[in-house]
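The following exercises concern selected backbone features of one structure. Each task is followed by a solution in steps.

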Amino acid sequence: MTQAPDHAPKMARASLAHRVAPWLPLALVPVLAVLGLAAIPSLSSWLTLTISGLAMGMMIFIMASGLTLVFGLMDVINFGHGAFVSVGAFVGVTVLLMLGPMTGAPSLALNLAALLVAVIGAMLATGLMGWAFERAIVRPVYGHHLKQILVTMGGLIVAEQLIIVLWGPEEIYIARPEALKGAITFAGAALEKYRLVAVAVGLAVFLAMRLVLRRTRIGLIVRAGVQNGEMVQALGYRLRLVFVGVFMAGSALAGLGGVMWGLYQEVITAQMGNQAMILIFIVVIIGGLGSVEGCFIGALLVGLLQNYVAFLEPKAALISNIGLMVAILMWRPMGMIPVVKAK
Amino acid sequence: MRAVLSGDMPRSRVLALILAVILVALALAPFLFPGVRTVDTAARICVFVVLVASYDLMLGYGGIVSFAHTMFFGIGAYGIALASTHMGRGFDALIVGAGAGALVAAALALVIGLFSLRVRAIFFAMITLAVASAVAVLVSQLSGLTGGEDGLTFQTPRALSPAFRFGDSLLGVKLNGKLLVYYLVFVGALILFLLLLRVVNSPFGRVLQAIRENDFRAEAIGYRVVYYRVAATCLSASAAALAGSLYAIWLRYVGPDTVLSMEIMIDILLMVVIGGMGTMYGAVIGATLFVLAQNYLQALMGSASGLVEGVPVLPQLLSADRWLLWLGVLFVLSVYFFPTGVVGRLRQGR
C-alpha cells in the first residue's frame with residue numbers, strides 16, 4: 001500500500017503581474033496624457049487640449065454614472081437614459097433664461113448662484129421623471145433584456161417628441177453666464193473658464209459618489225446589491241426601494257450632465273441626449289458595466305482621446321473612440337473594471 | 001404553395017387574406033394605382049418589407065437587438081451608387097455594387113458580432129449603436145467619396161430609365177423603364193423575402209429560436225450559440241444590404257438622410273414590433289401599415305390639428321410632425337400588451 005502524499009500546501013504570493021492587474025486601468029489616463037504630449041508639438045496647446053478633454057470626460061462621466069449603476073444594481077439597461085440628458089438641459093436652460101439678469105451680471109457669485117438654481121431645477125425635474133420612467137416603463141419588463149431595450153427606446157422617442165411639443169422644434173442657443181465666458185491664460189495656454197468649472201464639478205460628483213458608495217450604509221447596500229442582489233434581499237433589505245432611489249439619482253445626475261453639456265455646446269436640441277448616448281455607451285462598455293470607477297476612467301480616456309485626435313486629425317475623432325473601445329475590449333472583454341458577472 | 005412558403009403557412013384566414021391582398025396590390029400597383037406617388041409608396045413598401053424581415057431574423061428569431069441595421073442598408077445602397085458612378089450605367093455595375101455591398105455588410109457584421117456577441121448579447125445593442133453613428137458621421141465627412149450630406153445622384157442602365165419605351169401603353173399605363181424598375185424591385189423583394197422565410201424555417205432557424213428562448217440550454221445541448229448568432233447577424237446584414245441596393249436602384253439617389261439616418265432605424269423597430277416579432281409575415285404587415293400611415297396618416301393628423309385650433313397644447317400634440325410621438329406610445333404599449341404584434345393577434349383569434 002502506498003502512502004498518501006504529504007499534505008503540504010504552498011502559500012505562494014500572487015505574482016506581481018497579478019497584483020498589479022486590477023490597478024492597471026488607473027494608469028491609462030496618465031499614459032494617454034503623456035502620449036498626447038509626445039504627439040502634440042506645443043506644450044500650451046497640449047495643456048489646452050488636456051483641460052478640455054478632462055472637462056468633456058467629466059461631463060460624460062456625470063451623464064454615464066447613473067446608467068452604469070442602474071445596470072449593475074438591477075441588470076436593467078436603459079436606452080432611454082439620453083432622454084434625461086435632454087430634459088435636464090431644457091429645464092436647466094429654461095431656468096437660466098428666466099434668471100437672465102443674474103446670468104447677465106458680471107459677478108461670479110451671482111452667475112454661480114443662477115447656475116446652481118438651474119442645476120437644482122434640472123435635477124429635480126429629471127429625478128421625478130426618472131421615478132415616473134421607472135414606474136411606467138421599466139418596471140413591467142424586469143429580467144427581460146430584449147423588451148427593456150425596446151421599451152426604453154420607445155420611452156426615449158416619446159420623451160424626445162414631448163420635448164418638441166413643449167419647447168418647440170427649434171434648437172435653443174444659450175449663452176454661458178457672463179463670468180464664465182472667455183478664458184484665463186496659464187503658462188501660455190488659454191484655458192476656458194467654463195471647462196475648469198466642468199472639471200471641478202465632475203471631480204466633486206465623482207468624489208461624492210465614491211464617498212457615498214464607500215463610506216455610508218446606503219452605499220454599502222448598493223454595492224452589495226451589485227455583487228449579489230438576492231443575498232441582500234434575503235438579509236431583509238428592500239432592494240426595490242434602493243433601486244428606485246438609485247434610478248432617480250442616476251436620472252438626476254443625467255439631468256445635471258445635460259445642463260453642463262448644453263452650456264458646453266451653447267446649443268440644445270431634443271436629440272442631444274440621444275447623441276450623447278453614443279459616447280455614454282462607449283464609456284460604460286469600456287469601463288465595465290456596473291463599475292463607477294471604470295466609468296470615470298473610461299470617460300476621461302474618451303474625452304482626452306477625442307480632443308487629441310480632433311486636434312491632430314479632425315476627421316478621425318469619432319472613429320478614435322470606436323478604436324479605443326475595440327482595443328479595450330480586446331484586452332479585457334468585460335471592460336476595464338468588470339463588476340457584474342456575465343449573466 | 002407550401003413549398004414556396006417553406007411550410008410556414010399564415011395559419012389564420014384573416015391573415016392569409018390580408019397577405020394575399022397586399023401581394024396582389026403590390027404586384028399590380030402600377031396598374032391599379034397609377035400615379036407617381038402611389039407607385040413610389042408601393043416600391044417603398046417592397047423595400048421595407050425585406051429590410052424589416054431581415055431585421056426580424058435578428059430580433060425576432062435570434063433575440064439580438066441591433067441598431068446598425070440602417071448601416072447595412074446604407075452599405076448596400078452606397079454600393080450601387082458607387083459602382084454606378086465609377087463603372088458607368090450598366091447592369092454589371094448594379095450586380096457588382098449589390099454583391100460588394102452585401103459582402104461588405106456581412107464582413108462588418110461578422111467583425112462586430114465576434115467582438116460583442118462573444119461576451120454578452122446586450123453589448124451588441126450598444127456597440128452597434130456606436131458603430132452605426134460613427135459610420136453615419138464618416139459617410140457625411142468623406143464627401144469626396146460619398147458626396148457627403150448631399151449624397152450621390154447616379155444613372156442606372158438605360159433600360160431602367162423613364163425615357164426608355166418598349167411599347168405604347170397597356171391598360172392606360174405607359175410601358176417605360178420606370179415600370180421595369182418597379183418590377184425589378186418587386187421581384188427582387190419577393191425573392192429575398194421568400195429566401196428569408198426559407199432561412200427561418202430551416203433547421204438553422206429552429207436553433208436560432210431555441211437560442212432566443214434559452215441560450216444557456218441551447219449551448220448545453222451542444223450548439224455553439226455564438227456561431228449561430230453571428231451567422232444570423234451576417235445573413236441579416238447582407239439581406240439588409242440587398243434591400244438597400246433595391247432602394248438605391250429605385251431612387252437613383254443615395255444620401256445619409258434617406259438610407260443611414262437614425263430615424264429609419266426607429267421606423268424599422270416600430271414596423272417589426274407592430275407587425276409582430278418572430279414572424280416573417282409580421283414584417284409584411286408592419287411595413288405596409290407603417291409606410292401607408294407615414295404617407296397618408298400625417299395628412300389626417302394635420303387636419304385633426306386644424307380642428308382643435310384654439311385649444312392649448314392639443315394642436316401641437318396632434319400636428320403632423322408629432323406623429324412619431326403617438327407611434328412611440330403605440331410602440332411601448334404594443335411591446336407590453338401585444339409582444340407578438342398584429343400577426344400574433346390574428347393567429348390567436350383564429
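**Exercise 1.** In this predicted model, state which residue in the hairpin of strand 2 and strand 3 of chain A takes a positive phi, and describe how the two strands pair.

*Solution.* The hairpin has two residues between its strands, and Ala187(A) takes a positive phi near 50°. Strand 2 covers residues 183-186 and strand 3 covers residues 189-192; they pair in the antiparallel sense over four bridges. Within this pairing, Ala183(A) has Glu192(A) of strand 3 as its bridge partner.

**Exercise 2.** Determine how the span of helix 11 of chain B relates to the expected value, and how many of its residues are buried.

*Solution.* Helix 11 of chain B comprises 27 residues, 225-251. From first C-alpha to last, helix 11 reaches 39 Å, close to the 39 Å expected at 1.5 Å a residue. The helix is mostly covered, with 25 of its 27 residues buried.

**Exercise 3.** Is Arg252(B) buried, exposed or partly exposed, and where is Arg252(B) found?

*Solution.* Arg252(B) is found in the loop between helix 11 and strand 4 (253-254) of chain B. Its phi is near 55°, a positive value in a residue other than glycine. Most residues other than glycine have a negative phi. Arg252(B) counts as partly exposed because it has 18 C-beta neighbours inside 10 Å, and the buried class requires 20 or more.

**Exercise 4.** Is Glu266(A) buried or exposed, and in which loop does Glu266(A) lie?

*Solution.* Glu266(A) lies between helix 11 (239-265) and strand 4 (267-268) of chain A. The phi of Glu266(A) is positive, near 60°. Glu266(A) has 12 other C-beta atoms within 10 Å and is therefore exposed, since the cut-off for that class is 12 or fewer.

Notes
Residues are numbered from 1 along each chain as its sequence is written. Chains are lettered from A and ligands numbered from 1 in the order in which they are written. This is a predicted model: local features need pLDDT of at least 70, side-chain atom pairs count only at pLDDT 80 or more; totals for chains, interfaces and linings use all residues. Two strands pair if DSSP finds at least two bridges between them. The expected span of a helix is 1.5 Å times one less than its number of residues.
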